[in-house]
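Visitor: Could you walk me through how to read the enclosed and open spaces in a protein model, and then how to read a single residue beside them?

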Amino acid sequence: MSLRRISAPKFWTSDSSILLGGFFVTIILIIYIWWPLAEEYFAYVDWNGEWWRYIDWLLIGIFAFMSITIVTHANIKRDLLIIFVGLCGGLAIESWGTQTNLWHYYTAERPPLWIIPAWPIASLSIDRITRFLNFGLQRLQTLIPSQSQETLDSMFKILYWLTFTSFLILMLAFIAPTFDKSYTWFSLGLCMLLILTPTDHRFALLTFIAGSALGYYLELWGTTRECWTYYTYQTPPVFVVFAHGMAAVAFWRAGLLLKISIERFKGLNWSSQRKSST
C-alpha cells in the first residue's frame, strides 16, 4: 500500500463546530440543572487567597483533552451513532454498578443522571484516539514487507487473547461479591460473548487500549475527589481502568451492529419501494 493512499484525518471538519458547541452546551446544562453540586465545589475555593491551588486542574486537563479530540475528524452522521450508543451503554453500566453496590456516588443516586452525558463524550474521544493509533499502524505497515505484516497480524491476535483473558480474570475477581445478582451474570455473559466473537482483533485491541488510557485519568479524578467510591476503596481499582477499555469495545461493537441493521433496513425499504413502483 502506498503512503499516498493513507491520508491523515482532518483536524477540523465542517461538523467540528457543531460537535464542540454541543459539548459545551451539555456541560453548561449539567452545571445549570445540578447547580447545587457546582456551588458546593466552588465553596471550597478560597477566592481571596491562592485560589489557583484549589482549582481542579486534572478535571480541566481531561476536558481540554476531550474537547480537542472530539472535534478532530468530526462526522455528525457517524458521531450521532457513537453518542446514542454511549448514552444507552453508559446508563446500563452505571445502573449495574450502583444497583449492585460495586460503586456509589456521593449524592447517593443510583445512578446519577448528571454522569450519563460523560459516557458519550468519552466515547467520542476514545473513537478519535483509536483512529489515530490505527492510522499510525497503517503507516507503519507500508514500511514493512508483506511477510512481516502477517507476523504483525499474528502478534495482534496473540495480544488480543492474552489481554482479554487477563481482563476476564480481573473481572471475575472484582465482581465476585455480586454473583447473586442477575444483572452481574448478564454483564459477564455479554463480555464473554464480545471477547469470543472478535470481528477485528487489531481494532478491538486498539479500542481497548484507548479506552483504558482515558479511563485511568477519569477514574483517578473521580475516586481521588470522592465523587464516586468503589467497594474496594481503591483510587482507582485496576479492574475499573480496564473496564473502560472493555466498555469502549462493547460500544464499538454495538455501533457496528446498529449500523449494519440500519443499512439493511434501508436496503429492504428501497427494495419494497422499487417493487411497489413496478
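Visitor: How many cavities of 30 Å³ or more does the structure hold?

Guide: A cavity is a space where the probe fits but cannot get out. This is a predicted model, and the structure holds 2 cavities of 30 Å³ or more. The largest cavity takes up about 60 Å³, while the second largest cavity has a volume of about 40 Å³.

Visitor: Which elements give two or more residues to the lining of the largest cavity?

Guide: The lining of the largest cavity includes Trp119, Ile126, Leu218, His244 and Phe251, and the elements that contribute two or more residues to this lining are α5, α8 and α9. By class, the lining of the largest cavity divides into 7 nonpolar and 4 polar residues, with no charged ones.

Visitor: Which element gives the most to the lining of the second largest cavity?

Guide: That element is α9, with 4 residues, and at least two residues each are supplied by α6 (146-175), α7 (182-196) and α9. Among the residues that line the second largest cavity are Tyr160, Phe164, Pro198, Trp252 and Arg253. Its lining divides into 9 nonpolar residues, no polar ones and 1 charged; Arg253, as an arginine, belongs to the charged class.

Visitor: What should I look for in a pocket, and which residues lie nearest the centre of the second largest one?

Guide: A pocket, in contrast to a cavity, is an open set of points. The second largest pocket has a volume of about 630 Å³ and is lined by 22 residues, of which Arg78, Leu81, Ile82, Gly255 and Lys259 lie nearest its centre. Two or more residues of this lining come from each of α4 (76-99), α5, α8 (201-224) and α9 (238-277), and the largest share, 9 residues, is that of α9. The classes in the lining of the second largest pocket are 10 nonpolar, 5 polar and 7 charged.

Visitor: Turning to a single residue, is Asp127 buried or exposed?

Guide: The relative accessibility of a residue is compared with a cut-off, and buried means under 20%. Asp127 counts as buried because its relative accessibility is 13%. Asp127 lies in helix α5, which covers residues 118-141.

Visitor: Which residues does Asp127 touch, leaving aside those up to four places away in sequence?

Guide: With those neighbours set aside, Asp127 touches Arg78 and Ile82, both of which are listed among the residues nearest the centre of the second largest pocket. As for its sequence neighbour, the side chain of Asp127 makes a polar contact with the side chain of Arg128, at 2.8 Å.

Technical notes: Residues numbered from 1 in each chain as written. Predicted model: local features only at pLDDT ≥ 70, side-chain atom pairs only at ≥ 80, totals over all residues. Heavy atoms only, no water. Buried < 20%, exposed > 50% of the residue type's maximum accessible area, 1.4 Å probe, protein only. Polar contact = N/O pair within 3.5 Å; in protein donor to acceptor, adjacent residues only side chain to side chain. Contact = heavy atoms within 4.5 Å. 1 Å grid on protein atoms, 1.4 Å probe; cavity = no way out; pocket = protein on both sides within 12 Å on 5 of 7 lines; lining within 4 Å. Points joined across faces, edges and corners; volume = space filled by probe spheres on them.
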